[in-house]
Amino acid sequence: MTVSDQLRRPPLTLVVNSHEWHLRSLESILGPHGYAVLRAYNGKQAVERAISAHPDLIIIDADLPDRDGLDVCRELRALPSVSGYTPILITSAGQQSRQKRIEALRAGAWDFIGATFDGEELPLRLDAFVRAKQETDRMREESLLDELTGLYNLRGLARRARELGSSAFRQREAFACLVIAPLRGESAADASTDAWEAATLTRLAKILLRLGRTSDAIGTLGPGEFAIVAQGTDPAGAEKFAERLANAASELFGAEGIQLAVGYDAVSNYNDAPIDPSDMLTRASAAMRASRTASAGTRRSSIRRFEASLN
């Protein structure tokens, strides 16, 4: 039985090597065992394709034409868009010394193998690695928390929003949804997108947790977007919170030229206007996009309440 028979889909393997014979040798082993293979011929291509394709497994030659394979491994391990649970293997046509294996492991590789492959042993070893990775992916998908920020993910946020909405409806309380997105400043224009997003979103998440109440649901809507669902917060309260958030972000990110686009939707009595929380989040997102457009080129944060005209 091949690994693709046991797993949910054929595992995608990114093979990084400049030698055609090496690539064909691996493909002749991996293909019959149910693996799909994506090629890269140098370090630059490896990083680009790892980011775009999200492979289940990466096999990198230690000696690439543009850079050292261990350096590529280190860069991939530092990228938020490449899961830390993705197995990376280093191959080498040179001597497999103890020091070489240690260097590969320190660079973030799961294993170090020679250029001569055992057609029976290698697939068994890779199957174990990929099963562990895909099982971890499944568990993360079923989790309610975002791995990078520790806040609710979209699944968790939607569940908590429904709970808060039901409570606000029963108690005839105010209800608000805010959507926040950081705007990249000119001083950050030369920074790596992945590195900039990871650093900025992590710091912004800490601001949201500090300013929000323990009863609020704070989470991520998608790449670069946060949301807050607040029971007991009316339109005026939502506006004030957005202003405090913008001020706090200005203090933290001002030197970097990073500002915020904030959109919100709020009602004073949720019992009188029982809009589904997911619809309120959609409306707050529309207001955030309008806010982002309004703040373009101004180097200032912008706050906007949802209006029917934004739909």
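Glu163 and Arg160 sit together in helix H7, which covers residues 154-171; they are three residues apart, about one turn of the helix. The two form a salt bridge, and their closest N and O atoms are 2.9 Å apart. Keep in mind that this is a predicted model. Below is a quick tour of its salt bridges, its open sheet, the helices on that sheet and the largest pocket.

**Salt bridges within a helix**

- Searching the whole structure turns up 12 salt bridges, and the Glu163–Arg160 pair is one kind to start with: both partners are in H7.
- Neither end of that pair counts as buried, because Glu163 has a relative accessible area of 42% and is partly exposed, while Arg160 is partly exposed at 24%.
- Helix H2 (residues 20-30) holds another pair, Glu20 and Arg24, four residues apart and about one turn of the helix from each other.
- In this H2 pair, the closest N and O atoms of Glu20 and Arg24 are 3.0 Å apart.
- Glu20 is partly exposed, with a relative accessible area of 32%, whereas Arg24 is exposed, at 55%.
- Glu20 and Arg24 don't stand alone, either: together with Glu27 and Arg39 they are linked in a network of salt bridges.

**A salt bridge between distant parts of the chain**

- Lys133 forms a salt bridge with Asp56, and here the closest N and O atoms are 3.5 Å apart.
- This pair links distant parts of the chain, with the two positions 77 residues apart: Lys133 belongs to helix H6 (residues 121-142), and Asp56 to the loop between helix H3 (43-53) and strand E3 (57-61).
- Are the two partners buried or exposed? Lys133 is buried, with a relative accessible area of 5%, and Asp56 is buried too, at 0%.
- As a general point, side chains of opposite charge can pair when their charged atoms come close.

**The open sheet**

- Five strands make up an open sheet, ordered E2-E1-E3-E4-E5, and the pairing is parallel.
- Which strands stand at the edges? They are E2 (36-40) and E5 (111-114); each has a single partner strand, so one side of each has no neighbour in the sheet.
- On average, neighbouring strands of this sheet are turned by 25° against each other, direction ignored.
- Further in, E3 pairs with strand E4 (residues 88-92) in the parallel sense, over four bridges.
- Asp61 stands opposite Thr91 of E4.

**Helices on the sheet**

- H3 lies across E2, E3 and strand E1 (12-16), and runs at about 140° to E2.
- H6 packs on the sheet as well, where it touches E3, E4 and E5; the direction of H6 makes about 160° with that of E5.
- H6 is also the helix that carries Lys133, the partner of Asp56 in the loop between H3 and E3.

**The largest pocket**

- How much space lies in the largest pocket? The figure is about 1,100 Å³.
- The lining of this pocket has 34 residues, and the closest to its centre are Pro80, Arg140, Asp146, Glu147 and Leu148.
- Several elements each supply at least two residues of the lining: H6, H7, helix H8 (193-211), strand E7 (217-222) and strand E8 (225-231).
- Two of these names have come up already: H7 is the helix with Glu163 and Arg160, and H6 is the helix that touches E3, E4 and E5.

Notes:
Residues numbered from 1 in each chain as written. Predicted model: local features only at pLDDT ≥ 70, side-chain atom pairs only at ≥ 80, totals over all residues. Heavy atoms only, no water. Salt bridge = Lys/Arg side-chain N within 4 Å of Asp/Glu carboxyl O. Buried < 20%, exposed > 50% of the residue type's maximum accessible area, 1.4 Å probe, protein only. Pairing = 2+ DSSP bridges. Axes fitted to C-alpha atoms, helices over the stretch in contact; angles between N-to-C directions. Contact = heavy atoms within 4.5 Å. 1 Å grid on protein atoms, 1.4 Å probe; cavity = no way out; pocket = protein on both sides within 12 Å on 5 of 7 lines; lining within 4 Å. Points joined across faces, edges and corners; volume = space filled by probe spheres on them.
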